[in-house]
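Reader: Hello! I am new to this structure and would like a close look at a single part of it. Please pick a good starting place and walk me through it and what surrounds it.

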Amino acid sequence: MVQSSFPLGIIRCWTWLRLDARVLVYPQPRPIDEPQAALGDGTDQGAGERPGGDEFSGLRTYIAGDSPKHIAWKQYAQEKGLFTKEYREYLSAEKWLDWYSVTLAQEERLGGLCYWALAYEQQQIPYGLRLPGLQLSPNLGPHHLDAVLSALALFNLPEAA
């Protein structure tokens, strides 16, 4: 029922509405920490890297206190000197909104992914979406944003909805 008593509340008018309409309600954007970037093979342009990953990145001169398991024993056996193996983690330049990279309750998680989808779109950074049973490749534009927000809005709803 819709009613009004404008002006001054002297007269009241009302009506019953029967709307045959369907709407899609997107999650409310909630600021959360940025989801972790997907690990890549290091070939992406603009990709970053962090020390301490699983990918071998090279050798450096041994410094007292380095872990014995990182010593390059092969080079030492060949009498080339004592070196330490360095490892790095390569980060992809693509941004992924990954369901499993956020550890919050479902509504907060959906709101956080919605927030970052809007932020990446505004900053013109290509982004993709990974939900259980769904993956949208990184892209930009209003159609991609609509697809991402629709997927978030329909997440875990029965098929009839």
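**Helix 3 and its surroundings**

Author: Let us start with Ser150, which lies in helix 3. The numbers count residues from 1 along each chain as its sequence is written, and the model is a predicted one, where local features need pLDDT of at least 70, side-chain atom pairs count only at pLDDT 80 or more, and totals for chains, interfaces and linings use all residues. Side-chain values are based on heavy atoms, with hydrogens and water left out. Helices (DSSP runs of H or I, at least four residues) and strands (runs of E, at least two) are numbered from the N terminus.

Ser150 has a relative accessibility of 15%, so it counts as buried. Here buried means under 20% relative accessible area, exposed means over 50%, and partly exposed is in between, with a 1.4 Å probe and protein chains only. Setting aside neighbours within four places in sequence, Ser150 is in contact with Leu24 and Tyr26; contact means heavy atoms within 4.5 Å.

Next, look at the partner of helix 3. Helix 2 and helix 3 pack at an angle of about 175°, and their axes are 10 Å apart. That angle makes helix 2 roughly antiparallel to helix 3. The axes are lines fitted to C-alpha atoms, for helices over the stretch in contact, and angles run from 0 to 180 degrees between N-to-C directions. Under 35 degrees counts as roughly parallel, over 145 as roughly antiparallel, 65 to 115 as roughly perpendicular, and the rest as oblique. On the helix 2 side, the contact is made by Leu110, Leu113, Cys114, Ala117, Leu118 and Glu121. Helix 3 brings Pro142, Leu145, Val148, Leu149 and Leu152 to it.

Some of these names return in the largest nonpolar core. That core has 20 residues, and the ones touching the most other members are Leu97, Leu113, Tyr127, Leu129, Leu131, Val148 and Leu152. Helix 2 (106-123), strand 6 (127-131) and helix 3 (142-153) are the elements that give two or more residues to this core. Helix 2 supplies the largest share, seven residues. A nonpolar core is a set of buried Ala, Val, Leu, Ile, Met, Phe, Trp, Tyr and Cys residues joined through side-chain atoms within 4.5 Å. In soluble globular proteins, nonpolar side chains tend to be buried together.

Leu131 is a nice member to zoom in on. Not counting residues up to four places away in sequence, Leu131 touches Trp99, Leu113, Ala151, Leu152 and Phe155. Trp99 has a charged visitor too: Arg109 lies over the face of this ring, 4.3 Å from the ring centre. In a similar way, the charged end of Arg130 sits over the ring of Trp96, at 3.8 Å from its centre. A charge sits over a ring if NZ of Lys or CZ of Arg is within 6 Å of the ring centre and within 35 degrees of the ring normal.

Rings also meet rings. The structure holds six aromatic pairs, where rings of Phe, Tyr and Trp (its six-membered ring) pair if their centres lie within 6.5 Å; planes under 30 degrees apart count as stacked, over 60 as edge-to-face and the rest as tilted. Phe56 and Tyr87 form an edge-to-face pair, 6.0 Å centre to centre with 75° between the planes. This pair links distant parts of the chain, with Phe56 in strand 3 (residues 48-61) and Tyr87 in strand 4 (residues 83-91), 31 residues apart. Phe56 is partly exposed at 46% relative accessible area, and Tyr87 is partly exposed at 25%. Tyr115 and Trp116 also pair edge-to-face, 5.4 Å centre to centre with 90° between the planes. Tyr115 is partly exposed at 30%, whereas Trp116 counts as buried at 13%. Together with Tyr120 and Tyr127, Tyr115 and Trp116 form one aromatic cluster.

To finish, go back to helix 3 and step past its end. Asn156 lies in the segment after helix 3 and is exposed, with a relative accessible area of 57%. Its phi is near 65°, a positive value in a residue other than glycine.

For the wider view, the protein chain has three helices and seven strands, and 26% of its 161 residues count as buried.
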